[in-house]
Amino acid sequence: QVHLAESGGALVQTGGSLRLTCSVSGPAFSSYSMGWFRQAPGKEREFVGHLTCSGRSTYYGNAVKGRFTVSRDNAKSTVNLQMNNLTPEDAAVYYCVGSRTCVLPSNSWLREDIYDVWGQGTQVTVSS
């Protein structure tokens, strides 16, 4: 079982950018597909993005498509979430997630229960 630790959360102004990193420790990281979810106060947890174990295929939630980019470096055991053009609606705790399945069935990456491991989360605040 891998362990996930997010970092990079901060306060940023509207229109700004931020890069979150998920550091992964444990065996067989390269066989895990990875993703990000977020949860704002009083709201349900929301799917942000997902990428396969190779990183060649990526998928995004509608709210972030075109602004956020998920990537991974299997050699460094990290997963990154590059967030551009941030708005107050993006403020939330961001969670890194991992699944032992390299390539998930279509659209299953949207489901929280498909993931085997979760990080503790990192706070992103966007000022207007």
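The following exchange between a visitor and a guide concerns a predicted model of a protein.

Visitor: How many helices and how many strands are there in the protein?
Guide: Read along the sequence of this predicted model, the pattern is β-β-β-β-β-β-β-β-β-β-β. The count is therefore zero helices and eleven strands.

Visitor: What radius of gyration does the protein have, and what does the globule rule give for 128 residues?
Guide: The C-alpha trace spans about 40 × 25 × 25 Å along its principal axes. For 128 residues the globule rule gives 14 Å, and the protein comes close to this value, so it is as compact as a globular protein of that length. The radius of gyration of the protein is 13 Å.

Visitor: What percentage of the contacts in the protein with a separation of 6 or more is between residues 24 or more positions apart?
Guide: Buried residues make up 44% of the 128 residues. Among contacts with a separation of 6 or more, the share from residues 24 or more positions apart is 60%.

Visitor: Which strand gives the most to the largest nonpolar core?
Guide: The largest nonpolar core has 28 residues, and Met34, Trp36, Leu81, Met83 and Tyr94 touch the most other members. Strands 3, 4, 5, 7, 8, 9 and 11 each supply at least two residues of this core. With four residues, the strand that gives the most is strand 3.

Visitor: Which residues are included in the second, separate core?
Guide: In soluble globular proteins, nonpolar side chains tend to be buried together. Here a second core, separate from the largest one, consists of seven residues. Its members include Phe37, Phe47, Val97 and Ile114.

Visitor: Which cysteines does Met34 touch, not counting residues up to four places away in sequence?
Guide: With those sequence neighbours left out, Met34 touches residues including Leu4, Val24, Phe29, Leu51, Val79 and Val97. The cysteines in this set are Cys22 and Cys96.

Visitor: How many residues apart in sequence are the parts that Cys22 and Cys96 tie together?
Guide: A disulfide joins Cys22 to Cys96, with an S to S distance of 2.1 Å. Cys22 lies in strand 3 and Cys96 in strand 9, so the parts tied together are separated in sequence by 74 residues.

Visitor: Is the disulfide of Cys22 and Cys96 left-handed or right-handed?
Guide: Both Cys22 and Cys96 are buried. The torsion about their S-S bond is about -85°, so the disulfide is left-handed.

Visitor: Is Cys102 buried, partly exposed or exposed?
Guide: Cys102 forms a disulfide with Cys53, their sulfur atoms 1.6 Å apart. The pair links the loop between strand 5 and strand 6, which holds Cys53, to the loop between strand 9 and strand 10, which holds Cys102. Cys53 counts as buried because its relative accessibility is 9%. The relative accessible area of Cys102 is 27%, so Cys102 is partly exposed.

Visitor: What pattern do the disulfides of the protein follow?
Guide: The count comes to two disulfides. With bonded cysteines counted along the chain, the pattern is 1-3, 2-4.

Visitor: Is Asp90 buried or exposed?
Guide: Asp90 is found in the loop between strand 8 and strand 9. Leaving aside neighbours within four places in sequence, Asp90 is in contact with Arg38, Arg67, Phe68, Asn85, Val124 and Val126. Its relative accessibility is 1%, so Asp90 counts as buried.

Visitor: With which side chain does the side chain of Asn62 make a polar contact?
Guide: Asn62 is placed in the loop between strand 6 and strand 7. Asn62 is exposed because its relative accessible area is 69%. At 3.2 Å, the partner in the polar contact is the side chain of Lys65.

Visitor: How far from a polar atom of the side chain of Thr122 does the backbone nitrogen of Gly9 lie?
Guide: Thr122 lies in strand 11, and its relative accessible area of 11% is why it counts as buried. Leaving aside neighbours within four places in sequence, Thr122 is in contact with residues including Glu6, Gly9, Leu20 and Tyr94. From the backbone nitrogen of Gly9 to a polar atom of the Thr122 side chain is 3.1 Å.

Methods: Residues are numbered from 1 along each chain as its sequence is written. This is a predicted model: local features need pLDDT of at least 70, side-chain atom pairs count only at pLDDT 80 or more; totals for chains, interfaces and linings use all residues. Side-chain values use heavy atoms; hydrogens and water are left out. A nonpolar core is a set of buried Ala, Val, Leu, Ile, Met, Phe, Trp, Tyr and Cys residues joined through side-chain atoms within 4.5 Å. Buried means under 20% relative accessible area, exposed over 50%, partly exposed in between (1.4 Å probe, protein chains only). Contact means heavy atoms within 4.5 Å. A polar contact is a pair of N or O atoms within 3.5 Å; within protein, one must be able to donate a hydrogen and the other to accept it, and residues adjacent in sequence count only if both atoms are side-chain atoms. A disulfide is a pair of cysteine sulfur atoms within 2.5 Å. The radius of gyration is taken over C-alpha atoms; the globule rule is 2.2 Å times the number of residues to the power 0.38.
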